[in-house]
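Me: I have a chain open in the viewer and would like to talk it through with you. Could we go over it one question at a time?

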Amino acid sequence: TITPYQLQTIGPEELAAILKKSVATIRRNATRSPHTMPPRIQTQSKKNAYVWRLATVQAWLEEKEMVS
């Protein structure tokens, strides 16, 4: 079953706080260097929306920790 946590989404402000970067850097990297960021949510209506699923961000960070 899917839990509410798995569906929780965050915007660039929250992601900036988690990654300790500025909101401008988050927006810039999401557009210019998406490979350096957690995967964003892509929808048909808002293909370039700055929205991330919190569970995906956490999994991405854990993966980065294992590689380091």
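Me: Which residues is A49 in contact with, leaving aside its neighbours within four places in sequence?
Reply: Happy to start there. A49 is in the loop between α3 and β2 (52–53), where helices (H or I, at least four residues) and strands (E, at least two) are DSSP runs numbered from the N terminus. Contact means heavy atoms within 4.5 Å. Leaving aside neighbours within four places, the residues that A49 touches are R40 and I41.

Me: Before we go on, what kind of model is this?
Reply: Residues are numbered from 1 along each chain as its sequence is written, and side-chain values use heavy atoms, with hydrogens and water left out. Local features need pLDDT of at least 70, side-chain atom pairs count only at pLDDT 80 or more, and totals for chains, interfaces and linings use all residues, since the model is predicted.

Me: Is A49 buried or exposed?
Reply: Buried means under 20% relative accessible area, exposed over 50%, and partly exposed in between (1.4 Å probe, protein chains only). A49 has 16% relative accessibility, so A49 counts as buried.

Me: What pattern does the chain follow along the sequence?
Reply: The secondary structure comes to four helices and two strands. Read along the sequence, their order is α-β-α-α-β-α.

Me: What radius of gyration does the chain have?
Reply: The radius is taken over C-alpha atoms, and the globule rule is 2.2 Å times the number of residues to the power 0.38. For 68 residues, a compact globule would have a radius near 11 Å, and the chain agrees with that at 12 Å.

Me: Which helices each supply at least two residues of the largest nonpolar core?
Reply: A nonpolar core is a set of buried Ala, Val, Leu, Ile, Met, Phe, Trp, Tyr and Cys residues joined through side-chain atoms within 4.5 Å. The largest one has eleven residues, including I10, L15, M37, W52 and V57. The helices that each supply at least two of its residues are α2 (12–19), α3 (23–32) and α4 (54–67).

Me: Which residues does V57 touch, not counting those up to four places away in sequence?
Reply: V57 is found in helix α4, and at 1% relative accessibility V57 counts as buried. Its C-alpha lies 8.8 Å from that of M37, 20 residues apart in sequence. With residues up to four places away not counted, V57 touches I10, L15, I18, P38 and W52.

Me: And what is the relative accessible area of L61?
Reply: L61 is also placed in helix α4. Its contacts, not counting residues up to four places away in sequence, are I18 and L19. L61 is partly exposed, because its relative accessible area is 28%.

Me: Where is K20 found, and what is its phi near?
Reply: K20 is in the loop between α2 and α3, and counts as exposed at 73% relative accessibility. Most residues other than glycine have a negative phi. K20, a residue other than glycine, has a positive phi, near 60°.

Me: Last one: how far apart are the mean positions of the positive and negative charges?
Reply: Lys and Arg count as positive and Asp and Glu as negative, with His and the chain ends not counted. Each charge is placed at NZ of Lys, CZ of Arg, CG of Asp or CD of Glu. For the 10 positive and 5 negative charges of the chain, the distance between the mean positions is 11 Å.
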